[in-house]
Each structure stands twice: as C-alpha cells, then as structure tokens.
Amino acid sequence: MYQKIQDAKLKTGESVELGVVLGPATPELAASMRALLGHKGEIWKWQIEQSLTRADTKVESRFYILLKDRQPIANICSVEHNGIGIFGHVYTAPAERRKGAADIIHGHQIADFKKRGGRALYLGTGYDTHPFHLYEKHGFKGVEPRSGYMYWFADNQQSFERDVFAKAPVRVEPLSFEHWPTLPALAMMNHSARVRIAGMDVFSIRSTEGGSLPYLVAMHCPEKKDDGFRAFVAVSEKSQVPVAIACVRPDPIFELQTDILDMFCAPGFEDTLRPMVEKLALLPARTVICYSDGLWPVKPKLLADLGFTREAVLKQHYRSPSQSYDVELWKRV
C-alpha cells in the first residue's frame, strides 16, 4: 500500500510528493520499486522482493519515496522489527541528483521512526563520503574512527544495549528473515571481540546486513536451497533480539572441502553457544575452520573443548579502522 505524506519541493523548485510504500505492496507499486532499485545486485533484489511482496516476514518494511510526475525518483528504506532496524537502499535516479531529494526523505524518515517509537537503526556506507555526512546530519554516528558503519539511537547505545541484552530466557531457532533487521544490534554491539562472525564478513564492528543474506537465501529460498549454509540464533524472550548466533558455511575459496564456523554472543549468553554449534551438525568428512582473537577468551576455550586446535596466529591489521590485533586460526580435521 501507499500513503501520501506531504507535498515538497526540490532545491530546483520542482514539485514532488513525499510518500511511503508499505510492504507488502500492490503489484503496481512493487513493479515501480523494482524499476527504481533495479541496479541492485541479485542478493539485494531478493531482499527487496521479500520486503515488497511477502506478508509473513514478521518485519515492517517501509520504502520512503519521492514521486515526480507520479513516478518514484528517490528512495530510502527501513526494515524494522520491534523498533530496531536496518536503514538502507538510499538511491536517487541519476537525472534527479543534487536537488536535495535524499535530504527531504531522510528528515521525514527519522522523524517518523521516532514518532513510531523506533529505538535503533544500523547502516553501512563509505567513510567520509557525501552519504556519510548526510547521515551524520540526521543523527547517525560512526561506530569507531574512520568506519563507514553507523548507528542511530533514540536514547543512547549504553541504555539500549543494557535493555535488549539483559539476561533473560531465550529460544533457539533457525536464522530467518524475521531476524535480519535486528541481527546488526548483536554484531555491532559494544563488545571486546574483534573477530565476530567471519562467515558474514563481520570483523571488527560491522553490520550483518549483507553478510547474512547468503545464509537466508540458501536456507529459505527453495530453488536455491543449500544445506551447506546453516545458522541458528538465540533470541531473547524479553527483547525479541538475537543475543547469540552460531553458523557455518562453505569456505568461499575452498568450498569443496572446508567450512567456516562462527559463534558470537552478548555477555551473559555464553551458555547458548555450544548447544547451537551442536545443532549445526558439523559434517565429519569436512575440514572446519574458525577465526578468533585473544580479546574474547570465551571463543578459544569453547573451540578447544569442541576438539579444534589452534593452527596459526595471523599477525596483521585485519579490517579494523582503529587498531591492529592478532587473528587466530583454529581447525577441526
């Protein structure tokens, strides 16, 4: 469905209409959004399709758009669950750029998110770029120096994380699209570990926005189902946010013989990790590797208990804008 918000004007004086497309959208609206965002890669098109067409995702998808002559020319999307979400797909048609379109949408999107009780948003962009400074203008902050990953909190990070990661009963379930908007809260939390979810490209403080999609496609898309990708999350019964994750996938380079295992949790939920790893049912015929660091001793201890041996310590600066640290390689043969 589509809701008009208000009339607006670009910097050029051209009249536009600000509105929001709520998923699931009508076929006509879905088609127009596919056309606007058709430049996206295939995996992102899959995510957009889930947001535009499915009514059973248990998430709220909002495509804030500007219409000019009844056609969408710019978009900002938020995909949310329980007031926590991913902010993205910021795009303006090339012919309409540098007219303030994104600024118009962004200002309303944040105001609307606050009004609806939104608590936290997460995004990734290039550091010190025009989009980076636009997001800063509207209240987003970089997660660490020289990082393009950013977050926005209605209150502040400390109080938000204290609440959503408070000790509570959990339920363990397969990773699904319902978890996609809230998983960045876990991956980007204040935590000692720098090597967090390597199979989702989460080294240092990074979002799972893109890295989790191959798991979701492989686990839930029937025509592309791939049992090599498996993931479980422990979800807090109090906050409905994932507080721990364990996942395995074929190694992108040695996929025919090697898997990458990951595990990560908020403090206080360490006891959920081993049961989730056991649910993954690691295949005995395959070599399994896992990356860790000495900054979070929980993970190396659990790996040793699971029969892994530390094969090497990689002395390098590894995808951290703010510091260097050793990366440990563990292997189970």
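At what angle do helix α1 (residues 27-36) and helix α2 (residues 42-53) pack, and how far apart are their axes? In this predicted model, the two helices meet at an angle of about 160°, and their axes are 10 Å apart. Because angles over 145 degrees count as roughly antiparallel, α1 is assigned that orientation with respect to α2. The crossing of the two helices is right-handed, and the contact is made by A30, M33 and R34 on the side of α1, together with E49, L52 and T53 on the side of α2. In the loop between β2 (15-22) and α1, where P24 is located, the peptide bond that joins G23 and P24 is cis, with omega at about 0°.

Helix α2 also takes part in the surroundings of another helix, α7 (residues 213-220), since it is included in what covers the buried residues of α7, along with β9, β12 (230-236), β13 (242-250) and β14 (258-265). Six of the eight residues of α7 are buried, so this helix is largely enclosed by the rest of the structure. The buried positions are L213, Y215, L216, V217, A218 and M219. Two residues of α7 recur in the environment of S176, a residue of the loop between β9 (170-174) and α6 (183-187): when neighbours within four places in sequence are left aside, S176 is in contact with L216 and H220. With a relative accessible area of 17%, S176 falls under the 20% limit and is therefore classed as buried.

Helix α6 contains L183, which is buried at a relative accessible area of 1%. Apart from residues up to four places away in sequence, L183 touches L175, M200, T208, S212, P242 and I245. The C-alpha atom of L183 is separated by 7.2 Å from that of V241, although the two residues are 58 positions apart along the chain. A further approach between residues distant in sequence involves K238, in the loop between β12 and β13, whose C-alpha atom is 8.9 Å from that of F165, 73 residues away along the chain. Leaving aside neighbours within four places in sequence, K238 is in contact with D163 and A168; with a relative accessible area of 48%, K238 is partly exposed.

Aromatic pairing was examined next. The structure holds 14 aromatic pairs, one of which is formed by F87 and F140, with ring centres 5.2 Å apart and planes at 50°, so that this pair is tilted. The pair links distant parts of the chain, as F87 belongs to strand β5 (residues 84-92) and F140 to the loop between α4 (130-137) and β7 (141-142), 53 residues apart. Both partners are buried, F87 at 2% relative accessibility and F140 likewise at 2%. Another pair, that of Y122 and F153, is edge-to-face, with a distance of 6.1 Å from centre to centre and an angle of 90° between the planes. Since Y122 lies in strand β6 (residues 120-124) and F153 in strand β8 (residues 149-153), the pair ties together parts that are 31 residues apart in sequence. Y122 is buried, with a relative accessible area of 1%, and F153 also counts as buried, at 14% relative accessibility. These two residues, together with Y151 and F160, form one aromatic cluster. An arrangement of another kind is found at F269, where K167 lies over the face of the ring, at 4.6 Å from the ring centre.

Backbone conformation was also considered. N82, in the loop between β4 (71-81) and β5, has a phi near 55°, a positive value in a residue other than glycine. A281, in the loop between α8 (273-280) and β15 (287-292), likewise has a positive phi, of about 55°, although it is not a glycine. N82 is partly exposed, with a relative accessible area of 43%, and A281 is also partly exposed, with a value of 46%.

Conventions
Residues are numbered from 1 along each chain as its sequence is written. This is a predicted model: local features need pLDDT of at least 70, side-chain atom pairs count only at pLDDT 80 or more; totals for chains, interfaces and linings use all residues. Side-chain values use heavy atoms; hydrogens and water are left out. Rings of Phe, Tyr and Trp (its six-membered ring) pair if their centres lie within 6.5 Å; planes under 30 degrees apart count as stacked, over 60 as edge-to-face and the rest as tilted. Helices (H or I, at least four residues) and strands (E, at least two) are DSSP runs, numbered from the N terminus. Buried means under 20% relative accessible area, exposed over 50%, partly exposed in between (1.4 Å probe, protein chains only). A charge sits over a ring if NZ of Lys or CZ of Arg is within 6 Å of the ring centre and within 35 degrees of the ring normal. Axes are lines fitted to C-alpha atoms, for helices over the stretch in contact, and angles run from 0 to 180 degrees between N-to-C directions. Angles under 35 degrees count as roughly parallel, over 145 as roughly antiparallel, 65 to 115 as roughly perpendicular and the rest as oblique. A crossing is left-handed if the near helix is turned anticlockwise from the far one by less than a right angle, and right-handed if clockwise. Contact means heavy atoms within 4.5 Å.
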